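User: Hi! I'm new to this one and would like a quick tour. Could you pull it up for me?
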Amino acid sequence: MMENYLQVLEESLNKKVDVLKKIGQMNEEQERLFKEDVFSEKAFDEIIDRKGMLIDDLNKLDEGFENLYEHIRLQLLDGKEKYATQIAALQKLITKVTEMGASVQAQEARNKELADNYFLNRKKELKQGRQNSKAALNYYRNMNRSQVVQPQFMDKKK
């Protein structure tokens with residue numbers, strides 16, 4: 001019975017590795033998107049949605065792993081020698097998951113910086129556009145007023 005539980009824990013960790021790989025790929029796509037000349041908001045939204053689903057899957061896997069481990073923890077500690085190879089395999093997978101998690105967090109931090117820069121530049125562009133529009137409108141109004149020529153000669157006789 002314990003072998004089955006350990007197998008389930010190993011499968012859970014392998015699924016985590018797969019999900020983290022997919023999230024890493026999404027982060028790379030997101031980075032490419034920010035570095036392109038033309039930013040696609042639709043593609044950005046799609047990536048965010050897909051990453052959200054993957055993160056939900058990752059959280060479910062974490063929760064399931066923790067619940068199962070808590071269920072068998074005491075039995076596992078009592079039989080360390082008996083399950084040494086499976087425990088070693090789990091430890092390797094946990095290390096791999098931890099390293100991948102750190103890598104994904106680093107990617108997320110880089111992407112956050114790219115996003116902040118993109119949105120800051122976009123905000124500046126919009127502000128500049130509003131200022132240009134306002135200046136053009138003021139120029140147009142002033143030019144319309146200047147076309148009204150006051151009479152140059154007035155007859156002062158009455």
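User: Let's start with glutamate 108. What is its relative accessible area, and how does that class it?

Analyst: This is a predicted model, so the values here are computed from it. Glutamate 108 has a relative accessible area of 28%, so it is partly exposed.

User: Which residue does glutamate 108 form a salt bridge with?

Analyst: Its partner is lysine 51, and the closest N and O atoms are 2.7 Å apart. The pair links distant parts of the chain, with glutamate 108 in helix 3 (residues 84-146) and lysine 51 in helix 2, 57 residues apart.

User: And lysine 51, is that buried or exposed?

Analyst: Lysine 51 is buried, because its relative accessible area is 5% and the cut-off for buried is under 20%.

User: Why would two such side chains pair at all?

Analyst: Side chains of opposite charge can pair when their charged atoms come close.

User: Makes sense. How many salt bridges are there?

Analyst: The count comes to seven salt bridges. One of them joins the side chains of lysine 16 and aspartate 62, at 2.3 Å from N to O. Lysine 16 lies in helix 1 (residues 2-35) and aspartate 62 in helix 2, so this pair ties together parts that are 46 residues apart in sequence.

User: Are those two residues buried or exposed?

Analyst: Lysine 16 counts as buried, because its relative accessibility is 7%. Aspartate 62 counts as partly exposed, at 29%.

User: What about lysine 112, which residue does that pair with?

Analyst: Lysine 112 forms a salt bridge with aspartate 116, where the closest N and O atoms are 3.0 Å apart. Both residues lie in helix 3, four residues apart, which is about one turn of the helix.

User: How do lysine 112 and aspartate 116 come out on accessibility?

Analyst: Lysine 112 counts as exposed, at 51% relative accessibility; the cut-off for exposed is over 50%. Aspartate 116 has a relative accessible area of 42%, so it is partly exposed.

User: New topic: surface charge. Which residues gather in a patch of negative charge?

Analyst: Those are Glu41, Asp45, Glu46 and Asp49, which form a negative patch on the surface.

User: Where is glutamate 41 found?

Analyst: Glutamate 41 is in helix 2, which covers residues 41-78.

User: And why does glutamate 41 count as exposed?

Analyst: Glutamate 41 counts as exposed because its relative accessibility is 52%, and exposed means over 50%.

User: Great, thanks for walking me through it!

Definitions and conventions. Residues numbered from 1 in each chain as written. Predicted model: local features only at pLDDT ≥ 70, side-chain atom pairs only at ≥ 80, totals over all residues. Heavy atoms only, no water. Patch = residues over 30% accessible without salt bridge, like charges linked within 9 Å, V, L, I, M, F, W, Y side chains within 5 Å. Areas by Shrake-Rupley, 256 points an atom, 1.4 Å probe, with all protein chains shown as cover. Salt bridge = Lys/Arg side-chain N within 4 Å of Asp/Glu carboxyl O. Lys, Arg positive; Asp, Glu negative; His and termini not counted. Charge placed at Lys NZ, Arg CZ, Asp CG, Glu CD. Helix = DSSP H or I, 4+ residues; strand = E, 2+ residues; numbered from the N terminus. Buried < 20%, exposed > 50% of the residue type's maximum accessible area, 1.4 Å probe, protein only.
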